[in-house]
Amino acid sequence: MSKNYDVIVVGAGHAGVEAALASARQGLKTALFTIYLDSIAMMSCNPSIGGPGKSHLVSELGMLGGEMARHIDKYNLQLKNLNHTKGLASRITRAQADKYKYRIKMREIVENQKNLDVVQAIVVDLKVCNKKVCGVLDNFGIEYGAKAVVLCTGTFLGGEYIMGDVKYSSGRVGEPASVDLPNRLEEYGFELDRYQTATPPRIAKKSIDFSKMQKLGGEKNPRYFSYETEKEYAEILPTWLTFTTPETIKVGQEMLKYSPIVTGIVSTKGPRHCPSLDRKIMNFPQKTDHQIFLEQESIESDEIYINGFTTAMPPFAQEAMLHTITGLENAQIVRYGYAVEYNFIPAHQLNLTLETKVVEGLYTAGTINGTSGYEEAACQGFIAGVNAARKVLGKEEIVIDRSEGYIGVLIDDIINKKTPEPYRVLPSRAEYRLTLRQDNVFIRLLEKSKEIGILDRNTTKKLEDAVKEIDEEVKRLKEITIYPTKENNEKLKNIEGGTENSMNSPVSAFDFLARKEINYDNLSEFCETLNLSKLAKEQVEINAKYKIFIEREKAQIEKFKKLEEMEIPENFDYENVKGLSNIAISGLIYGNPKNIGQASRISGVTYNDISILIAVLKN
């Protein structure tokens with residue numbers, strides 16, 4: 001018995017859902033395999049989306065036609081604008097998801113998507129014909145033919161559940177792991193490694209004393225992730241902030257002997273950006289007031305997620321530490337925290353399209369590539385799904401470079417850098433943060449989005465019009481002169497918050513808009529302004545106020561693009577290049593970069609090494 005598809009996606013987490021939808025929406029007959037239908041788009045850990053770097057990813061995904069952006073805009077408990085005092089490049093959005101509705105409604109979208117079939121089964125093997133993927137085999141012995149396959153296995157690839165001294169095969173508590181597939185991947189020539197992740201316990205809302213905590217709200221009018229979202233106001237369900245105490249640290253130190261990290265049951269690397277409470281106690285014993293955020297998981301449930309209390313200690317240890325935290329003295333645990341160890345494929349075995357170098361037509365996305373986070377997974381899934389479909393259709397595949405988006409930074413980093421832990425996107429990883437802002441995604445990725453062709457046509461037209469508005473208004477303002485008349489100086493003095501009280505020489509309206517106290521609305525007191533859309537007005541102001549810095553970054557991007565254009569021949573012999581350091585040679589052989597730009601970002605490769613390579617290639 002066999003069935004045939006154009007594209008098969010294995011795994012229905014955030015990566016798998018985006019991959020399957022992207023493929024099906026390009027008109028390809030697609031199958032999405034999941035171990036358990038009720039876990040499609042499950043938020044296994046923190047029920048939130050967005051934050052530093054991650055909000056940029058989600059907005060970029062939405063602009064390209066992915067589902068996560070508009071979905072989280074609909075199914076959240078609160079949205080919050082953050083870092084607005086830290087500069088333009090730091091502004092972000094964070095959503096507290098309605099975990100239950102997010103999952104249920106995403107399943108509805110998947111099940112109702114044209115060209116897409118959902119199959120509950122475990123894929124145990126790939127079908128490979130002459131080093132090219134040609135299908136999969138499931139645990140029922142059914143073969144499925146495919147012209148391309150996307151693996152989005154999450155923590156299920158060789159997954160093992162851990163709590164205290166208990167360890168057994170599982171990809172997530174209560175769900176089986178993919179046991180056979182890791183061995184088969186190694187047989188096909190893939191290098192595998194292992195990482196671990198963990199999640200905190202959940203507690204009953206009725207058992208919490210909120211009077212001892214700080215109540216935190218969201219925004220009535222937040223910046224949404226998707227350009228398709230139009231809401232008059234957002235719903236707000238509060239979260240709460242409390243802290244650990246000196247007693248927490250004392251009890252934790254007594255309980256460390258039971259920690260799987262200390263006993264050695266967990267021996268693999270986990271994400272440093274959200275360390276377990278065990279590690280906080282071990283690494284920062286002098287700090288007693290760690291932040292603990294309490295976040296309700298759904299409007300349909302009173303289950304509370306304890307953000308900041310990740311641990312896989314045994315149940316009695318979790319309860320002992322929990323009851324020392326302010327307001328949680330009588331808290332009732334309804335689910336205990338646990339850890340999962342799992343296999344992943346180090347991403348140096350991928351091309352920038354996310355197609356593997358080992359098996360043609362096979363793509364990987366999400367946690368299997370050594371990354372952490374729903375947002376990172378979803379973006380990789382979308383790119384893999386788009387490219388798998390385009391390969392089948394005979395179209396040129398899509399690559400986003402690191403000067404175009406955080407998606408490009410993410411993919412470039414995991415391929416070219418040896419990541420010592422599960423990779424997470426952070427603003428510090430992007431060289432061009434002022435260019436890669438959340439507010440200008442529609443400008444940066446408009447042409448890529450049109451090329452992919454998934455984003456709603458009406459939305460695309462609206463954004464095209466906004467870009468045209470911006471260009472025309474910037475040009476118009478540069479041609480208008482504002483003079484230092486007595487009347488204009490009086491107006492300046494009367495503007496609230498004004499710091500520059502006078503004009504000394506004539507200036508273009510565009511340069512005048514760069515003044516701190518001038519915005520587009522009060523510019524109308526000095527010259528004619530237009531009835532611009534909200535999107536256009538914001539960008540015109542930003543272009544004026546940050547002109548010098550934006551132009552400086554554009555020059556850096558031009559240099560970057562020149563390096564990206566200098567290709568390195570296939571099977572280039574680095575060992576015979578005189579002057580390259582041994583560390584550089586090792587890294588270059590490991591990473592196998594396609595061009596000088598990629599080579600420059602490989603760990604251990606110095607500017608001197610790059611200069612030598614450029615000289616050799618030019619000769």
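What share of the contacts in the protein chain with a separation of 6 or more comes from residues 24 or more positions apart? It's 72%. Keep in mind that what you're looking at is a predicted model.

**The whole chain**

Let's start with the overall build. The protein chain has 21 helices and 24 strands. Its radius of gyration is 26 Å, close to the 25 Å that the globule rule gives for 619 residues, so the chain is as compact as a globular protein of that length. If you draw a box along the principal axes, the C-alpha atoms fill roughly 80 × 70 × 55 Å.

What about inside and outside? Out of the 619 residues, 56% count as buried. The accessible surface adds up to about 26600 Å², and carbon and sulfur atoms own 48% of that.

Then there's charge. The chain carries 79 positive and 83 negative charges, and the mean positions of the two groups sit 1 Å apart.

**Zooming in on strand S6**

Now find strand S6, residues 92-97. Five of its six residues are buried, so S6 is largely enclosed by the rest of the structure. Strand S4 pairs with S6, and strand S5 pairs with S6 too. Here's how those pairings look:

| Strand paired with S6 | Sense | Bridges |
|---|---|---|
| S4 (residues 48-50) | antiparallel | three bridges |
| S5 (residues 76-82) | antiparallel | six bridges |

You can pick out individual partners as well. Isoleucine 49 has alanine 95 as its bridge partner in S6, while asparagine 81 is matched with threonine 93 in S6.

Notes: Residues are numbered from 1 along each chain as its sequence is written. This is a predicted model: local features need pLDDT of at least 70, side-chain atom pairs count only at pLDDT 80 or more; totals for chains, interfaces and linings use all residues. Side-chain values use heavy atoms; hydrogens and water are left out. Helices (H or I, at least four residues) and strands (E, at least two) are DSSP runs, numbered from the N terminus. The radius of gyration is taken over C-alpha atoms; the globule rule is 2.2 Å times the number of residues to the power 0.38. Buried means under 20% relative accessible area, exposed over 50%, partly exposed in between (1.4 Å probe, protein chains only). Contact means heavy atoms within 4.5 Å. Accessible areas come from the Shrake-Rupley method with a 1.4 Å probe; for residues, only the protein chains shown count as cover. Lys and Arg count as positive and Asp and Glu as negative; His and the chain ends are not counted. The place of a charge is taken as NZ of Lys, CZ of Arg, CG of Asp or CD of Glu. Two strands pair if DSSP finds at least two bridges between them.
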